[in-house]
Amino acid sequence: MQLFTKASALALQDDVVENDPLRALPAGTRRRLSPYAKLLVRVVYQLLDAHPQIQTAPIVLATQHGDLHRTIRLLHDLAAEQPLSPTQFSLSVNNAALGQLSILLENTAAMTTVAAGADSFAMGWLEAGLQLQQAPDVLFIYVDEPPPEPYTEHADLPEQAVAMAVLLSANKGHTVTFERAPTSSQTGLLKPILQLHKLISEHRNGKVQIQGEQGLWSWHVG
């Protein structure tokens, strides 16, 4: 699959952000955003001023775990036979953070959430690329945090909380060829995401690979 990229943004949980766009949000809105959702909003707002079409473009969110830290708190409350917070419960579903983003952007275009285990990043990219057949631009977002206990022994990716947003285009920008090969050794997730962001944002040429459960995914940039 060949497509084009117009811009890329990256956010890590421990980033120190100058002129953080979250400060411009109403206090009540900020309180409802979990650390996971704040990463998502922050990485999108990095692109918004230069690319206002994001407010009308379809959005694809890929995540392996979703807002699992919020969910685990609800499970602890259930185990302790405590009443569940209606707000926390309604925001625990996998597409809730994307819904919050759509409200902030006033974006009424199609919103899609993809969760596919270790292949979530690649499958989200694939979904976003396919949606370019019906839209000139599509915003791809990947957000994940390391899973909390007791899930750490069952899933070890990502190594650090990370969010990446890429504005994809059907016909203009920096060329990216995306493909799958059968097998390879383990590649990790954080380092390839950082490399891919650097290649796209700096309009450089290079190759990035991520090993998933379904095979080796490759991005040829430039």
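**Aromatic pairs and nonpolar cores in the predicted model**

In this predicted model, the protein chain has a mean pLDDT of 89, and 95% of its residues reach 70 or more. Confidence within the chain is lowest in helix H4 (residues 86-90), where the mean is 73, and highest in strand E2 (residues 59-62), where the value is 98.

The structure contains nine aromatic pairs. One of them is formed by Trp125 and Phe178, whose ring centres lie 6.4 Å from each other with an angle of 55° between the planes, an arrangement classed as tilted. This pair links distant parts of the chain, since Trp125 belongs to helix H6 (residues 120-131) and Phe178 to strand E6 (residues 174-181), and the two residues are 53 positions apart. Trp125 has a relative accessible area of 0% and is therefore buried, and Phe178, at 4% relative accessibility, also counts as buried.

Phe178 takes part in a further pair, with Trp217: the ring centres are 5.6 Å apart and the planes meet at 15°, and because planes under 30 degrees apart count as stacked, this pair is described as stacked. Since Phe178 lies in strand E6 and Trp217 in strand E8 (residues 215-221), the pair ties together parts of the chain that are 39 residues apart in sequence. Trp217 has a relative accessible area of 6%, and because a value under 20% defines a buried residue, Trp217 is assigned to that class. In addition, the charged end of Arg180 sits over the ring of Trp217, at 5.8 Å from the ring centre.

Trp125, Phe178 and Trp217 are members of one aromatic cluster, which also includes Phe121, Phe140, Tyr142 and Trp219.

In soluble globular proteins, nonpolar side chains tend to be buried together. In the present model, the largest nonpolar core comprises 32 residues, and those with the most contacts inside it are Phe121, Trp125, Phe140, Leu196 and Trp219. Helix H7 (residues 190-201) supplies the largest share of this core, namely five residues. The surroundings of Phe140 can be described in greater detail: when residues up to four places away in sequence are not counted, Phe140 touches Val60, Ala62, Phe121, Gly124, Trp125, Ala128, Met164, Ala165, Val166 and Leu168. Phe121 and Trp125, which appear among these contacts of Phe140, also belong to the aromatic cluster. A second core, separate from the largest one, has 30 residues, among them Ala9, Val44, Leu47 and Leu61.

Key. Residues are numbered from 1 along each chain as its sequence is written. This is a predicted model: local features need pLDDT of at least 70, side-chain atom pairs count only at pLDDT 80 or more; totals for chains, interfaces and linings use all residues. Side-chain values use heavy atoms; hydrogens and water are left out. Rings of Phe, Tyr and Trp (its six-membered ring) pair if their centres lie within 6.5 Å; planes under 30 degrees apart count as stacked, over 60 as edge-to-face and the rest as tilted. Helices (H or I, at least four residues) and strands (E, at least two) are DSSP runs, numbered from the N terminus. Buried means under 20% relative accessible area, exposed over 50%, partly exposed in between (1.4 Å probe, protein chains only). A charge sits over a ring if NZ of Lys or CZ of Arg is within 6 Å of the ring centre and within 35 degrees of the ring normal. A nonpolar core is a set of buried Ala, Val, Leu, Ile, Met, Phe, Trp, Tyr and Cys residues joined through side-chain atoms within 4.5 Å. Contact means heavy atoms within 4.5 Å. pLDDT is the predictor's confidence in each residue, from 0 to 100.
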